[in-house]
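This note is offered to a colleague who meets the structure for the first time. The points below are best read with the model in view.

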Amino acid sequence: MKEKKRLAVLTGILLVLLALLIGLRFFNKKEEAKKEQEEQESQIEVTDFDGELKSITYKNESGKVQLRKKKEQWYFAGDTKTQLDQSYPDTMESEILELTAERELEDPDELKYYGLEEPAYTVRAVDEDGTEIMIYIGNSSDSGYYFTVDEKEKVYVGGSTLVSSIQYEKDQLIKKDTDDSESEE
């Protein structure tokens, strides 16, 4: 009889622990979703394009790269023969179309203090309607980079994914031959 009682108590404890585990998992998922939503709501939308881009020109420490889009394909400006790995310009386009900032600086100091007087990176994008945006990216910060757009009236913090997408030199954008035929032995 004692063993049956002990078994019933242990089974009860196991069921309570299992219920707690399920409850904690549910609570954690709910908290994660809430945190993700708060992060999305706190993002400041910087660019406001409705369609696709037709050109991207960027300057990084390696030089200037000019890209044009024709019939859903990206090419170097003035060179439609060189095939590009489309994933690079597609990522750049996505980052520019959906550029957000984590925060906008209130009463910013002079642009030179953020590396924006002589920016490390510049991006010029033009959409299908001819709407143009200039993005100037300066020094890195704790949560990305300082950047500004067009007339440089506002200074934002963020943009690290955009910077990652424009790190490439011109040669790195060229599609690599994947048709390596096996040599005969």
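1. Helices and strands are here DSSP runs, numbered from the N terminus, with at least four residues for a helix and at least two for a strand. In these terms, Asp-129 sits in the loop that links β6 (121–127) to β7 (132–141). The model is a predicted one.

2. The sheet should be taken as the frame for what follows. It is open and has 9 strands, in the order β1-β5-β9-β8-β7-β6-β2-β3-β4, with antiparallel pairing. Its edge strands, each paired on one side only, are β1 (44–45) and β4 (73–76). In general, the strands of a sheet pair through backbone hydrogen bonds.

3. Strand β6 deserves attention. It is largely enclosed by the rest of the structure, because 6 of its 7 residues are buried, that is, under 20% relative accessible area. Strand β2 (residues 53–60) is joined to β6 by 6 bridges, and the two run antiparallel; Ser-55 has Val-126 of β6 as its bridge partner. Strand β7 is likewise joined to β6 by 6 bridges in the antiparallel sense, and here Thr-122 has Tyr-136 of β7 as its bridge partner.

4. The hairpin of β6 and β7 has 4 residues between the strands, and Gly-130 there takes a positive phi near 90 degrees. Asp-129, in the loop between these two strands, is exposed because its relative accessible area is 69%, and exposed requires over 50%. Asp-129 also belongs to a negative surface patch, together with Glu-45, Asp-48, Asp-50 and Glu-128.

5. Elsewhere in the sheet, strand β8 (residues 144–149) pairs with strand β9 (residues 156–158) over 3 bridges, in the antiparallel sense. Phe-147 stands opposite Tyr-156 of β9.

6. Is Gly-159, in the loop between β9 and α3 (160–165), buried or exposed? Gly-159 has a relative accessible area of 14% and is therefore buried, the limit being under 20%. Its C-alpha atom is separated by 7.8 Å from that of Tyr-146, although the two residues are 13 apart along the chain.

7. A last point concerns a nonpolar patch on the surface. Val-9, Leu-10, Ile-13, Val-16, Leu-17 and Leu-20 make up this patch, and together they have about 560 Å² of accessible area. Leu-17, one of these residues, lies in helix α1 (residues 2–42).

Conventions
Residues numbered from 1 in each chain as written. Predicted model: local features only at pLDDT ≥ 70, side-chain atom pairs only at ≥ 80, totals over all residues. Heavy atoms only, no water. Patch = residues over 30% accessible without salt bridge, like charges linked within 9 Å, V, L, I, M, F, W, Y side chains within 5 Å. Areas by Shrake-Rupley, 256 points an atom, 1.4 Å probe, with all protein chains shown as cover. Salt bridge = Lys/Arg side-chain N within 4 Å of Asp/Glu carboxyl O. Lys, Arg positive; Asp, Glu negative; His and termini not counted. Charge placed at Lys NZ, Arg CZ, Asp CG, Glu CD. Buried < 20%, exposed > 50% of the residue type's maximum accessible area, 1.4 Å probe, protein only. Pairing = 2+ DSSP bridges.
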